[in-house]
Amino acid sequence: VHVAKPTSSVHLESSWTPVVFHLFHISVPFHILSIYIFLKRHRQVAQPWMDNLRQTCNQVDTIERHMKYLRCLQHIEELSAAVQQCLMTSSIQEAIKAVDSMAVLDCGLNQSGCSHLQNFLRETLCFWHKIIKDRLASDFEKILAQLHWPIISPPTQSPIPAANYQEISSQLELLVTQLLALALASCQGLPSTQLVSSATCLLQAPPLCLPIQIMLLPLRRRFKYHFYGNRQTNSLSKPEWYLTQVLMWMGNNSAFMEEKIQPILDRAEASFSARVELCRGLLSLVQEKVASDASRLLYDDVLFCHLVEEVLQFEKELRSNHLYPAVLPGLLHLLLEDAVLQKWLTVEKKMAVEKMDAMLSAEGAWSSQYKDISDMDELKAPDCAETFMTLLQVITERYRALPCPSAQLKFLELQRELVDDFRIRLTQVMKEESRCPLGVRYCAILNAVNYISTILGDWADNVFFLQLQQAAVSHGEEMVLRGQGTMEVGRLASLEGSLFDGLLALLDRLKGDMLGRLLEWTMREITEKAKPYCQDRWLSLPSQHDQSTMTLSSTACPMMLCVRDRLLNLHNVLSLSLFQLAWQGLAERLDNFLYQNVILCNHFSDGGAAQLQFDMTRNLFPLFGHYCKRPENFFKHVKEACLILCLNVGSAILLRTLLNESEEEMRDWTGAGDPSPEAALNELGVYCLAPCDVLILLSLRTSWPGQ
């Protein structure tokens, strides 16, 4: 193909096209190639026409948008003129419908880019909304005045209905309905921030309905007048003045809201309570005031504490007496602000530590206030321990109502710190009293430790603390769970453990150490009194048949008196649960002492064995019989040793033979047909002593044939 040098871009493209096809080895018929070249040239010629047409269409679109913009603007002006005309003819309902149409138009413009048009529409909407609201509010306030609104103080007698009461009620219903319609129309197009005050926004709840906002105006003016500025009633030290006043307003006006306003709202199919709306509006006044006062009292501990107490009391009355819904915020969320909450925790700890110092140094710190009332003094808690746990309980009641588990857990951690601090203080006092563990103060400290441990154990099963435990696990609170291993956290999650387990372990260890030291000193005294009894001439005592009556050994009297006195003393000074542990521990130690130092260290004739058994079963055991039904079960070694020593000679010989043969042959006697040593001992009532111990006891008998 001969290719000529192209003189233009068109010639260039058409000239090189066959070459392109040739390069790709495509065989193209000539007529197709001609059509292709023709189309290319036609497109190039038509391109300017297409550009001109596109530009013309764009201009038409722009003009059309301008026309729509102008029509929308004209529609806004028509609606505005309609509202004006309705207001001139006092057709309020028709004016509200026109405002509603504006609001619908505003919603339609939300997705458009006509920001200036939308701003103009909203300004127009706000303008007419304010005018209509002011006109309705003026009429509404006049009607309310005729109905004696607001009720500032409790009425002394029922008000007498006016002669035109029916007409007033009809006007009231009409105005409330129109205000509701106006609010509904306006809120479709306007942001809520343009319709409600900053106080309502503080509640983080839906805005108050328009009729309630107007009804609150006189109460708001009174509140601002009395509790702001330089008035004497505006005192930082008296938050109860404005808190009590608001509660009184809620109570005084609740009947009016339920009897006069609520039926109108029900007929208008409103989904809210007039009484609750009134409480919400009044609460917004208090929220502003408390938030302002709290920030000014961060550096005054006394006034800050007073404010917190009054806020908590206000919240309690608001929820209980005025049935304010739990889903709506009250005042407690104001106390959860970082600065306020941290100040609360700091002051709580500071005052708790001061009270601990005072209660431990008080004159009656270690005596029980119920010591003269036996029915109420089972725990025998000293006054300092009871006051301390009351302090913790009061702290719990203060933070229990907080709506944030994270904040509650901070207070719980503070309580745990206080308990550990008090435990350390008790340990320090205990060390000072450890020179005399049998003294009243030492036992009072032991009672205090036991009392705190008992109360914490009850708290561990309390629903409130179980909920906090679950919250700590689910939120992974490091402050509360620090020092807990994976296994401990798992036990907390499954409710097998509690948040107080660490404290309970420390308290139980302290209680065990103190109780052990107490029993050690008691046994030291008993051991000293028992020395003559240990050295008694058991071998030479006459047989029981040679005595007319058995009496207590004279050498046992000091020991028995000491045991009796110590048991009585411990019963009087220790709590019931501690005394149970004490006398059982004492019985165990005494059983071991008598077995080791009296029985195994002497030889016994028949008379000596009988005397020992009489001393134990008729004198020692009954001392403990006041506290249990079968005291001999706590002296197993002594009881079984007396039984072996008092066996008749024939039974003793047979038993010794059986035990000796068993020891020599070391085989299973059950399989051989003869009873095993254990079975033989069990038949005699011996379960604690081993066969080797029984052989030793038998060797201590002197009444064998031939001896």
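This is a walk through the predicted model above, from the overall fold to a few helix pairs and ring contacts.

Some ground rules come before the tour. Because the model is predicted, local features need pLDDT of at least 70 and side-chain atom pairs count only at pLDDT 80 or more, while totals for chains, interfaces and linings use all residues. Residues are numbered from 1 along each chain as its sequence is written, and side-chain values use heavy atoms, with hydrogens and water left out.

Let's start with the whole chain. The protein chain has 26 helices and zero strands; here helices (H or I, at least four residues) and strands (E, at least two) are DSSP runs, numbered from the N terminus. Of its 707 residues, 43% are buried, where buried means under 20% relative accessible area, exposed means over 50%, and partly exposed is in between (1.4 Å probe, protein chains only). Contacts, meaning heavy atoms within 4.5 Å, reach a long way along the chain: among those between residues at least 6 apart in sequence, 74% join residues at least 24 apart.

Now have a look at helix 7 (residues 210–227) and helix 9. Their axes are 10 Å apart and the two pack at an angle of about 30 degrees. Axes are lines fitted to C-alpha atoms, for helices over the stretch in contact, and angles run from 0 to 180 degrees between N-to-C directions. Angles under 35 degrees count as roughly parallel, over 145 as roughly antiparallel, 65 to 115 as roughly perpendicular and the rest as oblique, so helix 7 and helix 9 are roughly parallel to each other. Helix 7 passes helix 9 in a right-handed crossing; a crossing is right-handed if the near helix is turned clockwise from the far one by less than a right angle, and left-handed if anticlockwise. On the helix 7 side, the residues that meet helix 9 include Leu-216, Phe-223 and Lys-224. Their partners in helix 9 include Leu-278, Leu-282 and Leu-285. Lys-224 has a second role to look at: its charged end sits over the ring of Tyr-228, 4.5 Å from the ring centre. That label needs NZ of Lys or CZ of Arg within 6 Å of the ring centre and within 35 degrees of the ring normal. Arg-524 does likewise, with its charged end over the ring of Trp-521, 4.8 Å from the centre.

Stay with helix 9 (residues 274–296) for Cys-279, which lies in it. Is Cys-279 buried or exposed? With a relative accessible area of 2%, Cys-279 is buried. Leaving out residues up to four places away in sequence, Cys-279 touches Met-250 and Tyr-324. Leu-323 is 44 residues from Cys-279 in sequence, yet their C-alpha atoms are 9.9 Å apart.

Next, the rings. A search of the whole structure finds 22 aromatic pairs. Rings of Phe, Tyr and Trp (its six-membered ring) pair if their centres lie within 6.5 Å, and planes under 30 degrees apart count as stacked, over 60 as edge-to-face and the rest as tilted. Trp-583 and Phe-624 have ring centres 6.3 Å apart and planes at 50 degrees, so this pair is tilted. The pair links distant parts of the chain, with Trp-583 in helix 20 (residues 576–599) and Phe-624 in helix 21 (residues 606–625), 41 residues apart. Trp-583 is buried at 1% relative accessible area, and Phe-624 is buried at 0%.

The helices carrying that pair also pack together. The axes of helix 20 and helix 21 come within 12 Å and cross at roughly 165 degrees, so the two are roughly antiparallel to each other. Helix 20 passes helix 21 in a right-handed crossing. Trp-583 and Phe-624 both belong to this contact, with others including Leu-590 of helix 20 and Leu-620 of helix 21.

Last comes an aromatic cluster formed by Trp-344, Tyr-399, Phe-411, Trp-459, Phe-464, Phe-465 and Phe-500. Trp-459 lies in helix 14 (residues 440–460) and is buried, with a relative accessible area of 9%. Among the residues Trp-459 touches, beyond four places in sequence, are Met-389, Phe-465 and Phe-500. Another cluster member, Trp-344, is in contact with Arg-398. Arg-398 sits in helix 12 (residues 383–399) and counts as buried at 13% relative accessibility.
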